[in-house]
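Open the model in your viewer and keep the selection panel at hand. We will go from one stop to another, and at each one you will hear what to select and what is there.

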Amino acid sequence: MRAYSPKQDVQKKAYYNDRFHVVPQVPRANVETNEQFLADVNALKEKFNVLDAYLEKGHLVLYVEPKNNVKVVTFLKEKLSYDMMMELSAIDYIATRGGFEIFYEMLSLNKHKRIRVKCFVEEKEELQSVESVFKMANWSEREMYDMYGINIINHHNLKRILMPDDWYDYPLRKTYPLQGDEAAAWYEVDKIFGKEAREAIGPEIRDAAAIDRYDTTRFSRLGHEVPYGADITNGKEPEHTPLAYQEEGGVKLFGVRLIKELHEDKSVELKKRR
Amino acid sequence: MAQHKVNYLANGGAPIVLTSIDKFINFGRSNSLWPLTYGLACCAIEMMATGASRYDFDRFGTIFRASPRQADVIVIAGTLTKKHAEFMRRLYDQMPDPKWVISMGSCANTGGMFNTYATVQGADRIVPVDIYLPGCAPRPETLQYALMMLQKKIRREPASKAMKRKRLV
């Protein structure tokens, strides 16, 4: 077996830091600038605690408490006629704020308005499923669980949707390593052949530029074919290997040649259809 | 692609002079290569085009079969994800010997542009591949060429060799 190297912290280590990245800021407008949204926010404020409300690109953005999420979404659907849930997902803010921002994009076909309901949950905090209100939340919440590891409760079938059930860690978290994760790198080998086979199969080659033009066991070029495993390091590569679409000796049946033999130098390229 | 320490040549040895029986058996095998109807991603579209009338795989006696029990060849046409690798190997195991594998396109050959945690970096980590077909996606003509190369490979090797179980590990 391969020597063990400690990999406890490999999931913690961020592979990328954005030194020069400036987060784009979308200009925000006051809710008072839109009567429709102002009425909606006021209606909502009577029943729930609205932490923040503003307009972004003409759409209303609301911050609510995570414990109210199902009630707010139900109220918006039934009383304020935001009758479609377009999308819901999460944003990873673990590094800066220790949790996730959940957003629900909703659309009202009567009012021709879109709103975005947001709430912030801590990393381990439970979040109620809105599946009972909108059926589409079923898969979206499974994806949230699969990709971010958000604790959704009261979901009827909460299991991973894209990754295999026995996958370790949550791939869309910013801390997820793109390379160097041992469980991910050996996943298919361990599953199919068992850990003993790691030595025989070898580590996966993740260097995209790993091309060796002298390697004739794993690479070849059409039109410049050389025998398998031939040594071409000292420039003994043939300039051009003739194309060989046919069997050696031609295509014969009972000693009679069926198809003309291919001579590459005599073949012509047709410029137009016959 | 995986750097195997598995030596395929050790199993049946290098190509040797064919006997008439070998020639006859290989004639039958190579001219009725039935691939499995099995597509993974965009390469499968090209594979379907190759099977359809314009490019016409039937000319080579190659007719897609819907069951691995009836198939001789599996064309790994597309991105093989780690979640799916297990099932791909199971399909391969269900095929009767002798069987061959064509790895079609960059993704199946090396993982291609999907240099990620979730993609198998080369289908040859899972099954022993006979023909690697480069391209993204390869055109139907090149899949035909790959099939002709596979036919050639089958005709060259002794018929008994193909019956030996090819094991990756």
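Start with strand β6 of chain A, residues 113–122. Since 7 of its 10 residues are buried, β6(A) is largely enclosed by the rest of the structure. Do keep in mind throughout that this is a predicted model.

**The neighbours of β6(A)**

Add strand β3 of chain A, residues 59–64, to the selection: β3(A) and β6(A) run parallel, paired over 4 bridges. To see one of these pairings, pick L60(A), whose bridge partner in β6(A) is I115(A).

Now select strand β5 of chain A, residues 99–108. β5(A) and β6(A) are antiparallel partners with 10 bridges between them. Show E101(A) together with its bridge partner in β6(A), F120(A). Then move to S108(A), which stands opposite K113(A) of β6(A).

Between these two strands the hairpin has 4 residues. Which residue there takes a positive phi? Click on H112(A), where phi is near 55°.

**Along β5(A) to β4(A)**

How many of the 10 residues of β5(A) are buried? Colour the strand by accessibility and you will find 10 of 10 buried, which leaves β5(A) mostly covered.

Next, bring in strand β4 of chain A, residues 84–93, which pairs with β5(A) in the antiparallel sense over 9 bridges. Two residue pairs are handy markers here. S89(A) has F103(A) as its bridge partner in β5(A), while Y93(A) is matched with G99(A) of β5(A).

**The whole sheet**

Step back and show the full sheet these strands belong to. Its 6 strands form an open sheet in chain A, in the order β1-β2-β3-β6-β5-β4, and the pairing is mixed. Which strands stand at the edges? Select β1(A), residues 28–29, and β4(A): each has a single partner strand, so one side of each is left without a neighbour in the sheet.

**Helix α2(A)**

Leave the sheet on display and select helix α2 of chain A, residues 69–78. Show the side chains of its buried residues, which are N69(A), V70(A), V72(A), V73(A), F75(A) and L76(A). A reminder for reading the helix: there are 3.6 residues to a turn of an α-helix, so positions three or four apart point the same way.

What do the buried residues of α2(A) pack against? Select α1 (35–47) and β7 (126–128) of chain A, along with β3, β4, β5 and β6 from the stops above; these are the elements that the buried residues of α2(A) pack against.

**A patch on the surface**

Turn on the surface of chain A and select L253(A), F254(A), L258(A) and I259(A). Together they form a nonpolar surface patch with about 470 Å² of accessible area. Centre the view on F254(A), which sits in the loop between β9 (252–253) and β10 (256–257) of chain A. Is F254(A) buried or exposed? Its relative accessibility is 80%, so F254(A) counts as exposed, the cut-off being over 50%.

With chain A in full view, take in the overall figures. Chain A has 7 helices and 10 strands, and buried residues are 38% of its 274 residues. The chain exposes about 17800 Å², with carbon and sulfur atoms supplying 53% of that area.

**Over to chain B**

Now show chain B, which has 7 helices and 3 strands. Trace the chain from the N terminus and you will pass its elements in the order α-α-α-β-α-β-α-β-α-α. Of its 169 residues, 47% are buried. Its accessible surface is about 7600 Å², and 60% of this belongs to carbon and sulfur atoms. Among the chain B contacts between residues at least 6 apart in sequence, 82% join residues at least 24 apart.

**Cysteines without a bond**

For the last stop, display the cysteines. The structure holds 0 disulfides over all chains. Select C42(B): its nearest cysteine sulfur belongs to C43(B), 5.5 Å away, and C42(B) is in no disulfide. With a relative accessibility of 55%, C42(B) counts as exposed.

Then select C136(B) and C107(B). Why is there no bond here? The closest cysteine sulfur to that of C136(B) is in C107(B), at 5.7 Å, which is too far for a bond; a disulfide needs the sulfur atoms within 2.5 Å. C136(B) is also exposed, at a relative accessible area of 63%.

How values were computed. Residues numbered from 1 in each chain as written. Chains lettered and ligands numbered in written order. Predicted model: local features only at pLDDT ≥ 70, side-chain atom pairs only at ≥ 80, totals over all residues. Heavy atoms only, no water. Patch = residues over 30% accessible without salt bridge, like charges linked within 9 Å, V, L, I, M, F, W, Y side chains within 5 Å. Areas by Shrake-Rupley, 256 points an atom, 1.4 Å probe, with all protein chains shown as cover. Salt bridge = Lys/Arg side-chain N within 4 Å of Asp/Glu carboxyl O. Buried < 20%, exposed > 50% of the residue type's maximum accessible area, 1.4 Å probe, protein only. Pairing = 2+ DSSP bridges. Contact = heavy atoms within 4.5 Å.
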